[in-house]
Amino acid sequence: MLHFQPGRRDPREFWHEAPARFGEVTGTDLFVGRNTYTILVDLGVDDITVDYVIVDTLRVPRETFARIFTAWRDGYVEAIGDVTRFSREETTAYFDQMIADVLDPRRYCVWMVPVVSARVPARRS
């Protein structure tokens, strides 16, 4: 889950819509972190836990954090532009704004990465 302060563009619009549409078109679950708990419950596992790795502008060097978005921009702009309502130019502008926000010492950005674990119950003979 990614959170940015709104700027010229509001990244919430992009992150709520683009992954949903991209996942639909490509047959992938880009919200798997949010769906994993239910998947594990349905599998019948025990002791499910959900913790988070916090990647933010306080804990991670800004340049390192920005390189993640740079790689995503460089790798996905064309595909996102082809399958969502966001043009390639708009997609680039969203990523460029997010990169600039991460690099701006006055701005705060956070990526909460879910880490899910569970225990497979022992088989009974």
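**Phe69 and the helices around it**

Phenylalanine 69 counts as buried because its relative accessibility is 0%. This is a predicted model, so let's walk through it with that in mind.

Q: Which helix is the place of phenylalanine 69?
A: Start with burial: at 0% relative accessibility, Phe69 falls in the buried class. As for its place in the fold, that is helix α3.

Q: Which residues does phenylalanine 69 touch, not counting residues up to four places away in sequence?
A: Phe69 is one of the members that touch the most others in the largest nonpolar core, which has 20 residues. Leave out residues up to four places away in sequence, and the residues touched by Phe69 are Leu2, Phe4, Trp15, Phe95, Ile99 and Val102.

Q: How many Å apart in space are phenylalanine 69 and phenylalanine 22, C-alpha to C-alpha?
A: Phe22 is one of the buried residues of α1, while Phe69 sits in α3. Along the sequence they are 47 residues apart, and in space, C-alpha to C-alpha, the figure is 17 Å.

Q: Which elements each supply at least two residues of the largest nonpolar core?
A: Among the 20 residues of this core, Phe4, Phe14, Trp15, Phe69 and Phe95 touch the most other members. The elements that each bring in at least two core residues are β1 (2–4), α1 (11–26), α3 (62–83) and α4 (88–103).

Q: What does phenylalanine 95 touch, not counting residues up to four places away in sequence?
A: Phe95 is listed among the buried residues of α4. Setting aside residues up to four places away in sequence, Phe95 touches Phe14, Trp15, Phe69, Trp72, Arg73, Val77 and Ile80.

Q: Why does the length of α1 agree with what its 16 residues should span?
A: Use 1.5 Å a residue, and the 16 residues of α1 should span 22 Å. The C-alpha atoms at its two ends agree with that, being apart by 22 Å.

Q: What do the buried residues of α1 pack against?
A: Buried in α1 are Pro11, Phe14, Trp15, Ala18, Pro19, Phe22 and Gly23. Glycine 27, with a positive phi near 70°, follows the helix. The packing partners of the buried α1 residues are β1, α3 and α4.

Q: Are α1 and α4 roughly parallel or oblique to each other?
A: Pro11, Glu13, Phe14 and Trp15 of α1 meet Thr91, Tyr94, Phe95, Gln97 and Met98 of α4. The two helices pack at about 125°, with their axes 10 Å apart, and their crossing is left-handed. Angles from 65 to 115 degrees count as roughly perpendicular and those over 145 as roughly antiparallel, so α1 and α4 are oblique.

Q: Is isoleucine 80 buried or exposed?
A: Ile80 is in helix α3. Outside its neighbours within four places in sequence, its contacts are Phe14, Ala18, Phe22, Phe86, Thr91 and Phe95. Its relative accessible area is 8% and the cut-off is under 20%, so Ile80 is buried.

Q: Is threonine 57 buried or exposed?
A: Thr57 has its place in the loop between β2 (46–56) and α3. Not counting residues up to four places away in sequence, Thr57 touches Arg62, Phe65, Val102, Arg107, Tyr108 and Cys109. With a relative accessibility of 8%, Thr57 counts as buried.

Conventions
Residues are numbered from 1 along each chain as its sequence is written. This is a predicted model: local features need pLDDT of at least 70, side-chain atom pairs count only at pLDDT 80 or more; totals for chains, interfaces and linings use all residues. Side-chain values use heavy atoms; hydrogens and water are left out. A nonpolar core is a set of buried Ala, Val, Leu, Ile, Met, Phe, Trp, Tyr and Cys residues joined through side-chain atoms within 4.5 Å. Buried means under 20% relative accessible area, exposed over 50%, partly exposed in between (1.4 Å probe, protein chains only). Helices (H or I, at least four residues) and strands (E, at least two) are DSSP runs, numbered from the N terminus. Contact means heavy atoms within 4.5 Å. The expected span of a helix is 1.5 Å times one less than its number of residues. Axes are lines fitted to C-alpha atoms, for helices over the stretch in contact, and angles run from 0 to 180 degrees between N-to-C directions. Angles under 35 degrees count as roughly parallel, over 145 as roughly antiparallel, 65 to 115 as roughly perpendicular and the rest as oblique. A crossing is left-handed if the near helix is turned anticlockwise from the far one by less than a right angle, and right-handed if clockwise.
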